[in-house]
Amino acid sequence: MFAPTLTDPIDHLQSEIGAARQLLLENGLYGRLQTLSELRRFMEHHVFAVWDFMSLLKTLQRDLTCVQVPWVPTANAATRRLINEIVLEEESDVDPQGQPASHFELYLRAMRECGADTGPINRLVAAISAGRTVAQALEAAQAPDSVRHFVENTFSIIRSGKPYSVAAAFTFGREDLIPAMFRQLVNDLRDRFPGQLDTFTYYLDRHIQLDEEVHAPLAQQMVRELCADDPERWLDCQQVTIRCLEARMVLWDGIMPSKAHSTLV
């Protein structure tokens, strides 16, 4: 039961998802990435999450701003600005040389820099560009089952047609979570692999900075405005977030299962 009247609804939601979030952060995957080969495997799986994140974001842009012609103003100017600011930095940020690049393109560059295989994700993007469905594109990419589970969960939320659910997945399954995840990973990469992961560490640092300082607070405000005082919407956001955390655990376990791992599903 969601009881937003008893406390701040964001605080209440974060409390309710806390156990699942902590289990994910304590997964131990990062500590098992000891070699470049293991890191390449991580990137080859994780890049699909980098890709499908953009569909969450563009769904919010489609639903909360006007992307049709003729243009008309949407109801909430603050939410329009919030989404457009995040789109600007995710879809057209700057690379280490100050040149425009999406975060997905930065990730692909980082993969090539360390010798990771970009073939599967390139096949997926090519299939989507050719008009194939997400399921068909995952098949064309020969994506592992854990990747398919993660991506299919993301698109099931998108297909729900509920902007507040998409906002919850975007906020608490991604923007609010990523700094805590990535900080564990980036801490010793420079020392362990000097000069081999410059683009990747830039990508991680950039996400930590933007998500922690800018995107997560803006995204939380978006959820507040979309849910307002509706307890059913807040409960749906809580359930959707837990689904996203569970899917992330499955994704992580599919990369490099521990000897004694426990998943949430």
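**Exercise 1. Two cysteines**

Task: In this predicted model, determine whether Cys237 counts as buried or exposed, and find how far the nearest cysteine sulfur lies from that of Cys237.

Solution:
1. Cys237 has a relative accessibility of 0%, so Cys237 counts as buried.
2. Cys227 is buried as well, with a relative accessible area of 1%.
3. Cys237 takes part in no disulfide, and its nearest cysteine sulfur, in Cys227, is 3.4 Å away.
4. A disulfide requires two cysteine sulfur atoms within 2.5 Å. At 3.4 Å, the sulfur of Cys227 is therefore too far from that of Cys237 for a bond.
5. A search of the whole structure returns zero disulfides.

**Exercise 2. A threonine in H8**

Task: State which helix holds Thr154, and which residues Thr154 is in contact with once neighbours within four places in sequence are left aside.

Solution:
1. Thr154 belongs to helix H8, which covers residues 145-159.
2. The relative accessible area of Thr154 is 4%. Buried means under 20%, so Thr154 is buried.
3. With neighbours within four places in sequence set aside, the contacts of Thr154 are Asp52, Leu56 and Arg174.

**Exercise 3. H3 against H13**

Task: What is the angle at which helix H3 and helix H13 pack, and which residues of the two helices meet?

Solution:
1. Helix H3 spans residues 36-64 and helix H13 spans residues 231-255. Their axes lie 9 Å apart, at an angle of about 155°.
2. Angles over 145 degrees count as roughly antiparallel, so H3 is roughly antiparallel to H13.
3. The crossing of H3 with H13 is right-handed.
4. From H3, the residues in contact are Arg41, Phe42, His45, His46 and Ala49. They meet Arg248, Leu251, Trp252, Gly254 and Ile255 of H13.
5. Sorted by class, this contact of H3 with H13 holds five nonpolar, three polar and two charged residues.

**Exercise 4. H3 against H12**

Task: Give the handedness of the crossing of H3 and H12, and count the nonpolar, polar and charged residues in their contact.

Solution:
1. Helix H12 covers residues 198-227, and packs with H3 at an angle of about 35° with the axes 14 Å apart.
2. H3 and H12 cross in a left-handed sense.
3. H3 contributes Leu39, Phe42, Met43, His46, Val50, Leu60 and Leu64. On the H12 side, these meet Phe200, Tyr203, Met222 and Leu226.
4. The contact of H3 with H12 has 10 nonpolar residues, one polar residue and no charged residues.

How values were computed
Residues numbered from 1 in each chain as written. Predicted model: local features only at pLDDT ≥ 70, side-chain atom pairs only at ≥ 80, totals over all residues. Heavy atoms only, no water. Buried < 20%, exposed > 50% of the residue type's maximum accessible area, 1.4 Å probe, protein only. Helix = DSSP H or I, 4+ residues; strand = E, 2+ residues; numbered from the N terminus. Contact = heavy atoms within 4.5 Å. Axes fitted to C-alpha atoms, helices over the stretch in contact; angles between N-to-C directions. Parallel < 35°, antiparallel > 145°, perpendicular 65-115°, else oblique. Left-handed = near helix turned anticlockwise from the far one by under 90°. Nonpolar A, V, L, I, M, F, W, Y, C, P; charged D, E, K, R; others polar.
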